[in-house]
Every structure is written in structure tokens, then in C-alpha cells.
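User: Could you take a close look at one part of this model for me? I'd like to know about the charged side chains that pair up, and what sits around them.

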Amino acid sequence: MTNPEQPPRTPTPRPGGRTARVRADVVAATLAEVTEKGYDGLTVEAVATRAGVHKATLYRRWGGVDGLVAEALASSADQPWPLPDTGDLRQDLRRITQEVFSVFTDPELGPTPTALISAAQRSDVGAAALRAFFAARHRQAAEVAERAVARGELPTGTDGDEVVRAATAPLYYRLFVTGEPLDARTAERAADAAALAARAGLFASPPAEPDDRNASDDRNDRNDRNDGDGDGGGGDESSQA
């Protein structure tokens with residue numbers, strides 16, 4: 001499946017022109033192949049044929065199927081994601097989880113992202129690309145929590161990435177870990193739970209704790225000063241006697 005002489009590579013910067021067209025064709029071919037055949041059936045040769053690109057180009061740029069999977073994820077992360085702005089955090093999170101639910105359970109749209117994420121979990125290169133993909137999505141969607149902070153709906157210092165992660169994690173857990181059915185109510189409940197936790201301050205930065213060493217040093221300094229005052233008083237009394 002991969003060229004044994006060239007390890008899989010992480011995606012490189014993507015310039016425009018013909019290179020961009022080649023990349024788009026390769027990504028489209030990779031998505032089609034992994035959807036139809038899964039990771040175990042994915043080959044550089046099949047992607048090259050479908051993309052109309054020589055397989056040597058694919059090996060040179062992406063190293064093998066794991067690099068192709070990583071490139072497809074990087075391409076997906078580049079796609080714009082319009083965020084809801086209802087003026088209410090819970091409703092915004094509900095729309096985000098509803099979108100995840102709708103895409104992954106759609107019989108036409110769902111198989112491709114499902115196959116891509118499953119394929120990414122099969123290699124270190126793919127797993128790293130998957131982490132980068134979700135990190136980018138969480139950063140982008142964190143705007144809904146940042147707006148809620150600005151409205152006074154959430155405490156200052158709330159981690160927007162964590163709010164979004166908490167809302168969507170139960171969905172991905174069912175989709176890719178337990179295989180349990182996913183329905184609209186589960187998506188809604190996950191959003192509501194994340195909103196409640198965020199409003200309770202569970203995703204806010206904790207207040208800075210005092211440095212125990214500094215507090216101890218302060219106590220020692222006070223004790224030393226008190227001891228010094230006591231010694232001085234005793235000497236005066238002796239001389240007066």
C-alpha cells in the first residue's frame with residue numbers, strides 16, 4: 001500500500017496553479033477510494049489512476065496512502081465552516097451538534113467523513129493529521145463561546161475550545177468508539193450539557209493560587225522580626241536591673 005523506500009510524509013504547503021489542481025484531484029480521488037474501499041483497500045495506484053496523475057508523483061509528494069489520508073484531512077480543515085450566531089450559547093451549540101449529527105448520519109454524505117476518520121486512526125501520520133483537523137475545527141468553533149463571554153453569558157477566561165469539544169465529544173464517542181446509535185436527541189442533550197457546564201464555570205481558568213513557598217517565606221520573615229524584637233527587649237531589662 002505504501003512505498004517501502006519512502007515513509008509517509010505530512011502534507012507540505014500547497015501553492016496555487018497546476019499544483020493546486022493536482023492536489024484537488026488527488027484529494028477527491030483519495031476520498032472516493034477510501035469511501036468505496038476503506039483503508040485496507042486504499043492504494044496509491046488506484047488513487048493515481050482515478051486522479052489522472054502518475055503514481056510516482058504521489059509517492060514523491062505524499063509518500064503513500066497514509067500521506068494521502070493526511071492530505072485529505074488537511075484539505076477538509078481548509079474548508080470554511082459557517083458558525084451559528086443566535087445570541088444564545090445553548091442554541092449555537094445545538095446547531096453545531098445538529099450539523100455533526102446530520103452529516104454523519106446522512107446516507108449520502110456520511111460514508112465519506114466516516115471512512116476518512118476511520119482510515120486516519122490506522123497510522124501515526126493519519127492520527128496526527130486527525131488531531132490537527134479537530135484542533136483547527138475547535139479553534140474555529142470556539143468563537144461561539146467567545147461571543148458568549150463578551151455577552152456576559154459565560155465567565156471571563158472560559159476556554160472556548162473545551163466548550164466545543166465537550167459538546168461534540170459524545171457524538172464522536174458513539175460514532176467511532178462504541179458504535180451506538182446516534183440520534184437528534186443525543187446531539188441536543190450533548191449541546192445542553194456543555195452549555196450548562198460552561199455557564200457553571202467548569203471551562204474557565206481557575207484563579208491563581210498563592211505560592212506556598214512565598215507564603216512560608218513571609219511567615220518566617222515575620223517570625224524572625226518578632227524574635228528579634230523579643231531579644232532586644234530582654235537586653236534592656238537586664239541592663240536596667
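Analyst: Let's start with a network of salt bridges that links Glu33, Glu36, Lys37 and Arg50. Bear in mind that this is a predicted model.

Take Arg50 and Glu33 to begin with. Their side chains form a salt bridge with an N to O distance of 3.2 Å. Arg50 belongs to helix 2 and Glu33 to helix 1, so this pair ties together parts that sit 17 residues apart in sequence. How exposed or buried are the two partners? Arg50 has 39% relative accessibility, so it counts as partly exposed. Glu33 has just 3%, which puts it in the buried class because the cut-off is under 20%.

Arg50 also has a salt bridge to Glu36, and here the closest N and O atoms are 3.2 Å apart. This pair again links distant parts of the chain, with Glu36 in helix 1 and Arg50 in helix 2, 14 residues apart. Glu36 comes out as exposed, at 52% relative accessibility. So Arg50 pairs with a buried Glu33 and with an exposed Glu36.

Now for the surroundings. Helix 1 (18–37) and helix 2 (44–51) are among the elements that cover the buried residues of helix 3, and helix 4 (65–78) is another. Helix 3 itself runs over residues 55–62, and its buried residues are Thr57, Leu58, Tyr59, Arg61 and Trp62. Right after helix 3 comes Gly63, with a positive phi of about 80°.

For a contrast, look at a pair within one helix. Glu188 and Arg185 make a salt bridge whose closest N and O atoms are 2.8 Å apart. These two are three residues apart in helix 10 (residues 184–199), so about one helical turn separates them. In general, an α-helix has 3.6 residues a turn, so residues three or four places apart point the same way. Both partners are partly exposed, Glu188 at 30% and Arg185 at 44%. Across the whole structure, the search finds 15 salt bridges.

How far can you trust the model? The chain has a mean pLDDT of 86, with 78% of its residues at 70 or more. Residues 1–14 are another matter: pLDDT stays under 50 there, although the model gives that stretch 37 contacts beyond four places in sequence. Residues 232–241 are also below 50, and they have zero contacts beyond near neighbours in sequence. Where pLDDT is low, don't read the predicted coordinates in detail.

Note on methods:
Residues are numbered from 1 along each chain as its sequence is written. Side-chain values use heavy atoms; hydrogens and water are left out. pLDDT is the predictor's confidence in each residue, from 0 to 100. Contact means heavy atoms within 4.5 Å. Buried means under 20% relative accessible area, exposed over 50%, partly exposed in between (1.4 Å probe, protein chains only). Helices (H or I, at least four residues) and strands (E, at least two) are DSSP runs, numbered from the N terminus. A salt bridge is a side-chain nitrogen of Lys or Arg within 4 Å of a carboxyl oxygen of Asp or Glu.
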